[in-house]
Amino acid sequence: MSSRSLGIPGPPGVPGMVGRPHRGMLLVVSSPSGAGKTTLCNRLRQEFPRLGFSVSFTTRPGRKGETDGVDYSFVDMATFQEMVARDEFAEYAMVHGNMYGTSARRVAQAIEGGQDILFDIDYQGGRQLRQKFPDDVVLVFILPPSIKELERRLRGRGTDSDEVIERRIRVAREELRHYDEYDYLVMNDDLDRAYDVLRAVYLSQLHTRVRGAATAEQVLSGQEQLL
Ligand code: 5GP
């Protein structure tokens, strides 16, 4: 089913799409590593190309296969600190011993431009965005079926040492404790089922009263819709 047939407003200024643009939604998806977040997020972006992705700044070194400016913008610590001092981050946090941050300018542009944005950031970042943009943020947490299963998945990847895996499990427990700060909890015991829930969250959030108000006003005023 195409996004158009679901009545999803298109990006601003695109003729032939239903509805006027609403303020951009900030869709935050967090989870401990290994819970399937990346796979679920990639699938959502594939199905809904109007959903942009927030490329974070980080001080961690790039991994094999990562591209600067696409996966992350890689910067050194001095640059990161200068950006903090200039108040250039909408949120920032230390995760796994490295600094990560989201550009304030990009977030403001997205909200005002009616662009929905997907954020792969941790609970500290989600919390800061919620404080700054309470009406625009939707917080989704992906739950692994169990800690044991999480460990099995991390070992299955074969990319990390035992020490790194043990640290990730410790951090995972810490992250899981923050589930109650989120709006939606999506259990990923089955990828297709978890995806169904995630897309349902996105679709229903697109059609809240606040986001749909401009479209309703358009209908009310008798303006023709560009179909
Ligand atoms: P990784 O280094 O494995 O890509 O990401 C490690 C963790 O950092 C993930 O949980 C990811 O969600 C989080 N993260 C990535 N970018 C940001 C960011 O800009 N802000 C915050 N707070 N967390 C981030």
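In the next few minutes I will talk about the ligand in this structure, and then about the salt bridges of the protein. Please keep in mind, as you look at the picture, that this is a predicted model.

Let me begin with the ligand, which has 16 residues around it, and of these S56, R60, Y72, Y100 and D120 come nearest. If we sort the residues of that shell by their chemical character, we find 5 that are nonpolar, 5 that are polar and 6 that are charged.

Which atoms of the ligand, then, lie close to polar side-chain atoms of R60, T102 and D122? For R60, a polar side-chain atom is placed 2.6 Å from an oxygen atom of the ligand, and for T102, an N or O atom of the side chain is 3.4 Å from an oxygen atom of the ligand. With D122 the partner is a nitrogen atom of the ligand, which lies 2.8 Å from a polar atom of that side chain. On its own the ligand has 520 Å² of accessible area, and the protein covers 92% of it.

As for where the ligand sits, the space that it takes is the largest pocket, and the elements giving two or more residues to the shell around the ligand are the strands β5 (89-95) and β6 (98-103).

Now I turn to the salt bridges. In general, side chains of opposite charge can pair when their charged atoms come close. The count here comes to 17 salt bridges, and one of them joins D136 to R23, with the closest N and O atoms 2.8 Å apart. This pair links distant parts of the chain, since D136 is in the loop between α4 (123-132) and β8 (137-143), while R23 is in the segment before β1 (26-30), 113 residues apart.

Methods
Residues are numbered from 1 along each chain as its sequence is written. This is a predicted model: local features need pLDDT of at least 70, side-chain atom pairs count only at pLDDT 80 or more; totals for chains, interfaces and linings use all residues. Side-chain values use heavy atoms; hydrogens and water are left out. A residue is near a molecule or strand if one of its heavy atoms lies within 4 Å of it. A polar contact is a pair of N or O atoms within 3.5 Å; within protein, one must be able to donate a hydrogen and the other to accept it, and residues adjacent in sequence count only if both atoms are side-chain atoms. Accessible areas come from the Shrake-Rupley method with a 1.4 Å probe; for residues, only the protein chains shown count as cover. On a 1 Å grid over the protein atoms alone, a cavity is a set of points where a 1.4 Å probe fits but cannot get out, and a pocket is an open set with protein on both sides within 12 Å along at least five of seven lines; lining residues have an atom within 4 Å of a point. A molecule sits in a cavity or pocket if more than half of its atoms lie within 2 Å of its grid points. Helices (H or I, at least four residues) and strands (E, at least two) are DSSP runs, numbered from the N terminus. Ala, Val, Leu, Ile, Met, Phe, Trp, Tyr, Cys and Pro count as nonpolar, Asp, Glu, Lys and Arg as charged, and the others, Gly among them, as polar. A salt bridge is a side-chain nitrogen of Lys or Arg within 4 Å of a carboxyl oxygen of Asp or Glu.
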